[in-house]
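Below are my notes on the model, set out as numbered points for discussion. Please read them alongside the sequence and the coordinates.

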Amino acid sequence: MMDRRSFLGRSLAATGGTLLACREMGQADSASSQPVPGTISEAEIANAKFPEGFLWGMATASYQVEGAWNEDGKGESIWDRWTHTVGKIRGAGTGDVACDHYHLYPQDIAILKRLDQKSYRFSISWARIQPTGRGAVNHKGIDHYKRVMDALLEAGIRPFCTLYHWDLPQGLEDLGGWPNRDLAGYYADYAGILAKHLGDQIQVWAPFNMPWTFTNLGYGTGVFPPGRASYTDFLKAAHTVNLAQGEAFRSIKAASSKATVGSAYGMSPAYPATDREADKSAAARYNAMNNLYFLETAMHGKYPNAFVGGVPYEAMGFRAGDDKIMQVPLDWIGFHYYSRRFVSASAASAHGGGSLATETQDTGAAGNDLTQFTSVMPTQGPITDGGLEIWPRGIYDLVMQISRAYNNPIIEITESGCGYLDTPYDRDGGRVPDTRRIEFFRSELAELARAIADGARVRSFHAWSALDNFEWNDGYTQRYGLTYVDYRDQKRTVKDSGMWYGRVAAANRLVI
Ligand code: FCB
């Protein structure tokens, strides 16, 4: 493994630290001794090494798995309101029952244990803790999560808590939602409540899942709840979330001395579509907006320059002193990887494909006149049933980019996975032979191991997802789980990929 000094030496040599090679350069790479981008050899897979104590894990999110939408005093969330509105969700799916994880968590945690998992990333539903997002604590909600934490700790699994995976209490949306700056304070109170009551059991906290996605899709393009479409609202919402992230960091640390706080950002490595200067700077703007908009603010207290004409402070409602509120040196950096983007300069707006999958929606038109880039998900690699291109090399590029740009931080891979619709096969004992998912993880994890061998300090990988679940606007038409869920009777069947991933976790290497 490369030592820290040679890693940093290489970092200094990297141009600008954040720009990825352009699309043509990436391809030229394949002619040299480097592996062909997007593919990796069987020998590399067999030899892939992970550090001792590497945390193999799986992830879920409250609204996507819990169900029990109005039990034990839980308030309504914006996702409850959205899914109960006719026409919003494919197949008219809702999270009312979902995987019934709220009641079935003991059996789900037993599966995680059987598969040798060492980390479980889940999220807490704010509306279970404070039904309208403010005021008195609903102790039934706290008690529920205490029981879940007991079960995890008992199974030897690290609880990794995301405080917010998109299910804002409707009561706070009624006050104006994230564009209302007051939400930063309410959120800090909520974070403090969680740390106070659950801080003995949870030490690893990530304030927001994919903040760019829920602010942009919720307020900029209106594809997600609350369904507002105003670029100024997006800018304001994103700024409140940046303030909230800083405030929450402080309130968690104040309530729990054991706490470490990081992130769960969505990131896509961005490659300039050509080596034209205009496309290179467009790719840098994409990176600033879609990858670093909530990271740079935490680490350095300033917005990365995602805009052609400079940061629009006035429109976002920036006040003197906000830089100090936002700046909180994260203890580790967590991000997801699903797919990559080719980016070009463009004054006109551009939309991505027709899929409703969250990962393919980030080319929405909002703000295009300010950011002036067009991004597309390429289709050179195989496409999953979920509509995403598979490009294993992307995780290597992303991990190395973040390692260089932020002085080789501890990294947690908070999500990665693929949607395939394989079902139990009764002629084969009811197994779910999802070989494409195994192939996906084999190549991607070998690329991750390559980044680790090159000096990146990655300490965990969370496969999305522990269970098939409610996939936002796509409802139940996508299956990302390593365990199959039959929604008619809630029967769980661990897929072949889950069995394989369990063997990988036990062996700490990529077994055949
Ligand atoms: C990510 C989300 C997660 C799930 C996967 C497929 O963007 O964080 O909730 O929807 O995509």
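1. Helix α8 (residues 139-154) packs against helix α10 (residues 183-198) with the axes 11 Å apart and at an angle of about 50 degrees; that makes α8 oblique to α10, a class left for angles outside under 35 (roughly parallel), over 145 (roughly antiparallel) and 65 to 115 degrees (roughly perpendicular). Axes here are lines fitted to C-alpha atoms over the stretch in contact, with angles from 0 to 180 degrees between N-to-C directions, and helices are DSSP runs (H or I, at least four residues) numbered from the N terminus.

2. The model is predicted, with local features needing pLDDT of at least 70 and side-chain atom pairs pLDDT 80 or more, whereas totals for chains, interfaces and linings use all residues. Residues are numbered from 1 along each chain as its sequence is written, and side-chain values use heavy atoms, without hydrogens and water.

3. The axes of α6 (residues 101-114) and α8 come within 10 Å and cross at roughly 15 degrees. That makes α6 roughly parallel to α8.

4. Around the ligand there are 13 residues (a heavy atom within 4 Å), and those that come nearest are Gln 64, His 165, Met 210, Glu 471 and Trp 472.

5. Polar contacts (pairs of N or O atoms within 3.5 Å) link ligand oxygen atoms to side-chain atoms of Gln 64 at 2.7 Å, Glu 471 at 2.8 Å and Asn 209 at 3.1 Å. The protein buries 100% of the 290 Å² that the ligand exposes when taken alone (Shrake-Rupley method, 1.4 Å probe).

Definitions and conventions
A polar contact is a pair of N or O atoms within 3.5 Å; within protein, one must be able to donate a hydrogen and the other to accept it, and residues adjacent in sequence count only if both atoms are side-chain atoms. Helices (H or I, at least four residues) and strands (E, at least two) are DSSP runs, numbered from the N terminus.
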